[in-house]
Structure formats: C-alpha cells, structure tokens
Amino acid sequence: MSVEVKPISEFKTSNDLEVLGVNRNVPVNLRQSGDKGSRMLISQRLRKSPFWHLSQEAGCWCYEVYNHMYHPRAYVPWEEGGLLKEYEYLTEHVTLWNVAVERQIQVKGPDAAKLVDLAITRPVEKLKVGKARYVILCNEDGGIINDPVLLRPAEDEFWFSLSDTDVSLWLQALNVTNKFDCTVHEIDVAPVQIQGPKSTALMMDLFGEGIHDVPYYGLLEGEVNGCPVIVSRTGFSGEAGYEIYLYDASVNAERLWYHLLEVGKGHNLKVIAPGHIRRIEAGILSHGQDMDLETNPYQVGLEWQVDLNKSRFVGKEALARIKDEGVTSKLAGLKFGGNQIDWYPADYYLVYAENETKPVGYITSAFYSPTQGCNIGYAMLPNALSTIGTKLEVHLPEPYGNGRIAAEVAETPFKAPEFPGTGLAQTGRKL
C-alpha cells in the first residue's frame, strides 16, 4: 500500500511540529533541502586551527564549522573508499585526528572548584587532580549546553575540553555574577586524538611502559619531541584511544604532528576525520546533533550524569521537575534499510509510524554500519514508539532510498565500546 508523505513544507505553523514528539522554540533541520553541491568559504571570520595546514597536507578535502573553527571531516577520496575506508583504518590499525576544535577553557584560581561545581551536574570533589571526567552543563531550563571532557591538571585548575558551544562566555558570566576568585580563559592548547586498536602500542613508543599505568580517563604529563603535553586516556570512537593536548600549539603544531607521523609509520598510522560511524556504533552522542539546548539529560540517556543530591548547580530545579514529571520523547537507537549511507546527512531524516502519513520523529545521526550490515542511527521519538523492537519507517532521500524504508528500534550500543563507561555500566544500555 502506498502511503502519502506529508513534507514539513505542508505544516501550517511551527507548533505543528509537536507531532514529532518535541516542543522546541527553535526547530532543527527537518525540511529535506539536501546539499546542492555548496562549497565553504575560507575567510578570516573563522579560525584555522594550528593543525589546519597539516590536515591539508594529509589530504583533507572537506570541512565544517565547529566552535568557530574549520573542522576536518574527510580525508580518504571517494574513489578510494571514502569514510568507510577511514572506518577500516580506525577499527583495524591506528589513526590520528585533528580535533583542535575541542577548545580548552581554563578555569584557574582559589575558587576554581566552586565555579566548576556550579556549572556541572556532578560533584566536582569526585574529580581528583590528574584525572578527567565526562560531564554535562545545563541551563536553567535543564537544556544541555555542552558535554565536555573536564580535566583537572592541578588543584586550582580545570580545563573544559569542549563540544560545539560557547561555554567560555557562559562560564565567564557565572564567574562575574557569583564573584568567584578565579579566571576563565581559552588557552593555546590544541588536542589531537590517537584512536584505534594499535593506539597503545604507538603511545608506548612515545611515552614508554608508563602509558599502561594511565587509567581510563586518567591524565599523564609528558613531552613529545620536546613539546610539553598532557595525555588523557579518552576518545570519541569507542576504540582504544588517547588524546594529546599540546601546549603552545600555535608554535609547536608541526613538531608534534610530524613526529607522530614518523613514529606512527611502524603501526600503519593514518590521518582521518573523527570516526562518526564508529561513535554511533558505540553509543557516543554528538552535541548539536543528538542533543542541544532544547533537549535534557532524561531524553538522551544521560540521567546518570545528574546528581540531584548536590546542594546547588545550574538547572537543578528544572531537572528535578523533569525527573518527577517524566519526558514525552526520547532518543533511541534505530536500524533501517536502504542503500548504504556513506556521507553525513544534510538534514534530519523523518521517521514515520507504519502506514501513517505524518512524521512522528526524526533521525539525529545516521551512517552505514559495517558491523551491523545495515544503516544505523539515533532517532528522537515519542515514548510510546521508543521501545526496542518497535517497527517504524524512515524517509530517505536519494541516493539512499528516495522513499520510506523499513526501520526498527534497536538496543544500543550497536557495537560494544572498548570501555563501557559509567552510563552503560549503570543502565545496561546507552539510551
């Protein structure tokens, strides 16, 4: 039976979009407008990272904007396998990522811990010196501002390693309003990621046997080719991995990068973009896609991040109310058919209940998964349709389907990560 598809352009007002299970002030990219072959202007208005030219040397041919900087998103040419080939390097060997867009916001001073504790939803005292932790920051409505990795290199110093929002401005405002005795600044530190099953072997060549003593989310201070760095055992892939935070990156970028390439030759190191196929498989969310200011932790499987026993933090009252009242929509894993999605979706694909004409939700992230043998992604859905096994349909554009494709709500993570993390350990699933 042929079922009519009602496009977003036929909706009368923005309020009609509540049928998608969300009530937003600012809509997301639901109109299926596609990518008409546009190109990006490289100009002075946006920042180039210290590794910009090095990424170009490595063959980067596509960028997007992230934290007001150009962010590499593809290296391997289409004719050589594209992003699926990059996935192969990530899951079978070891890869180097330019992630300088993870800007480092330093909070330093006698009251640094007080400011950080006000900003995050978890107790700061549990983060000891020499450790890192995944955290979230929420606004007064409980919306997720950012989900950075928080590092504590010293007793009176913290670094927020950011996802894609202007957290420095927000932290500075909190600091001024509360008159804390500390400073908030972006610092000239730029990270790269070393990700893949051979990453520990490569890191041993750089730092010796001591790298084995660095626990998951632990920190190590050291040098690479004479450049001071901090290493964290973290990453965005679900594979074994590390991040190397380079001090004085504006002047030290080449010394670090070229040395990593040289040492990496023995491990088949390949420069690639952040592995979004693998992060979707591993149940890792991306801020700005799977969550943002208008989604709360209880919608996206991050309720374990919220400690309502804390005496005070921004968003506590709203989050307590949301927990008590419950949410009406949730992020869920989805498996679906169609041709292999081998490029970043330009729009949020619409999701339908079987034989219904109006969309009920939308896909926030999607790619073809080599391990699952099908397309996978996350979808924001009404609670009633978020149960594992629920049959749905996804409307895919050309060249992936040009119509409605059978889908099913699936358990996450799709593929187990190297380290399960607190959320998975506590809940048994990512979402």
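Is E243 buried or exposed? Keep that residue in mind; the tour returns to it after the whole chain and one sheet.

**Before selecting anything**

This is a predicted model, in which local features need pLDDT of at least 70 and side-chain atom pairs count only at pLDDT 80 or more, while totals for chains, interfaces and linings use all residues. Residues are numbered from 1 along each chain as its sequence is written, and side-chain values use heavy atoms, leaving out hydrogens and water.

**Select the whole chain**

Show the protein chain as a cartoon: 9 helices and 21 strands. Helices (H or I, at least four residues) and strands (E, at least two) are DSSP runs, numbered from the N terminus. Along the principal axes, the C-alpha atoms fill a box of roughly 65 × 55 × 45 Å. The radius of gyration, taken over C-alpha atoms, is 22 Å, which agrees with the value near 22 Å for a compact globule of 431 residues; that rule is 2.2 Å times the number of residues to the power 0.38.

Of the 431 residues, 57% count as buried, meaning under 20% relative accessible area, with exposed over 50% and partly exposed in between (1.4 Å probe, protein chains only). Contact means heavy atoms within 4.5 Å. Among contacts with a separation of 6 or more, 68% come from residues 24 or more positions apart.

**Select the five-stranded sheet**

Here 5 strands form an open sheet with antiparallel pairing, in the order β5-β8-β9-β4-β10. At its edges are β5 (131-134) and β10 (183-186), each pairing on one side only. Two strands pair if DSSP finds at least two bridges between them.

Now pick β4 (residues 104-108) and β9 (residues 157-161), an antiparallel pair joined by 5 bridges. For one of these, select V107, whose bridge partner in β9 is F158.

Next add helix α4 (residues 167-178), which lies across β4, β9 and β10 and runs at about 170 degrees to β10. Axes are lines fitted to C-alpha atoms, for helices over the stretch in contact, and angles run from 0 to 180 degrees between N-to-C directions.

**Select E243**

Move to strand β14 (residues 241-247), which contains E243. An unreviewed UniProt entry places the feature "binding site" at E243; such annotations may be inferred rather than shown by experiment. The opening question can now be answered: E243 is buried, because its relative accessible area is 2%.

Finally, show what E243 touches, not counting residues up to four places away in sequence: E102, P191, V192, Q193, I230, V231, S232, T234 and G235.
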